[in-house]
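Here are a few short exercises to help you find your way around a new structure. Try each task with the model in view, then read the worked solution.

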Amino acid sequence: EAALKTEEKLIIVVAQRDAEKEDPALDDLYQVGVKAVIKQVARVQEGQIHTIIQAVERVVVLKLESTDPHLVGRARLWPIPEERSTEIDALKRAIVDLVAEFPSLIPSAGVSDVADAIRTEQDPALLAFKVASMLNLNVETEQALLEAPTRIDLLRQVFKSLSHEVHIL
């Protein structure tokens, strides 16, 4: 609600280690998250809203400054280092090839359009995060992707998860 009242509509999003904990402290949160923009809001019932957000940048939460009426903290940007190598190019190409198989494996409306959109992504890290968003990953695996220290680590993890999903399909 507080972010919606601002012009930028920016929030920091981090996962809780235990989703059942009602009032998390800093130790209850994963340290790496994303700065995101609220794109769409739907008020579903009293006190509940559904939002569509778009991650903008990766961040590290440094500390919580306030917990009432909502969490307020300090974070710093934590970009994935720029790096280029033939292994990155090969992994990017292998991921694109696997994504190209999705329309034949999932005969559902829109899958082909999503696969086409993903295949046009030039940035290897953005490609990896877009592909990961399509997969049925648990919080721990998603968090490991978010915490990948390098592009090569990120691409390796996404390739492994994507290969597993294609094999299951």
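## Exercise 1: One helix and its cover

Helix 2 (111-119), helix 3 (124-134) and helix 5 (151-168) are among the elements that cover the buried residues of helix 1. Contact here means heavy atoms within 4.5 Å, and buried means under 20% relative accessible area, exposed over 50%, partly exposed in between (1.4 Å probe, protein chains only). Helices (H or I, at least four residues) and strands (E, at least two) are DSSP runs, numbered from the N terminus.

The model is predicted: local features need pLDDT of at least 70, side-chain atom pairs count only at pLDDT 80 or more, and totals for chains, interfaces and linings use all residues. Residues are numbered from 1 along each chain as its sequence is written, and side-chain values use heavy atoms, with hydrogens and water left out.

**Task.** Find which residues of helix 1 are buried, and work out where they lie around the axis.

**Solution.**
- Step 1: list the buried residues, which are Ile 88, Leu 91, Lys 92, Ile 95, Val 96, Leu 98, Val 99 and Phe 102.
- Step 2: these cover an arc of only 165° around the axis, so they share the same side of helix 1. The arc is that of the directions from the helix axis to the C-beta atoms.
- Step 3: recall that an α-helix has 3.6 residues a turn, so residues three or four places apart point the same way.
- Step 4: turn to the other side of helix 1, where Thr 86, Arg 93 and Ser 104 are exposed.

## Exercise 2: Checking a length

**Task.** Compare the expected span of helix 1 (residues 86-105) with the distance between its end C-alpha atoms.

**Solution.**
- Step 1: the expected span is 1.5 Å times one less than the number of residues.
- Step 2: for the 20 residues of helix 1 that gives 28 Å, and the end C-alpha atoms are 29 Å apart, which agrees.

## Exercise 3: Charges and backbone

**Task.** Find what lies over the ring of Trp 78, and what kind of peptide bond joins Asp 68 and Pro 69.

**Solution.**
- Step 1: the charged end of Arg 58 sits over the Trp 78 ring, 3.7 Å from its centre. The rule asks for NZ of Lys or CZ of Arg within 6 Å of the ring centre and within 35 degrees of the ring normal.
- Step 2: Arg 17 likewise lies over the face of Tyr 30, 4.5 Å from the ring centre.
- Step 3: the bond between Asp 68 and Pro 69 is cis, with omega about 10°. Pro 69 belongs to the loop between strand 3 (48-66) and strand 4 (72-77).
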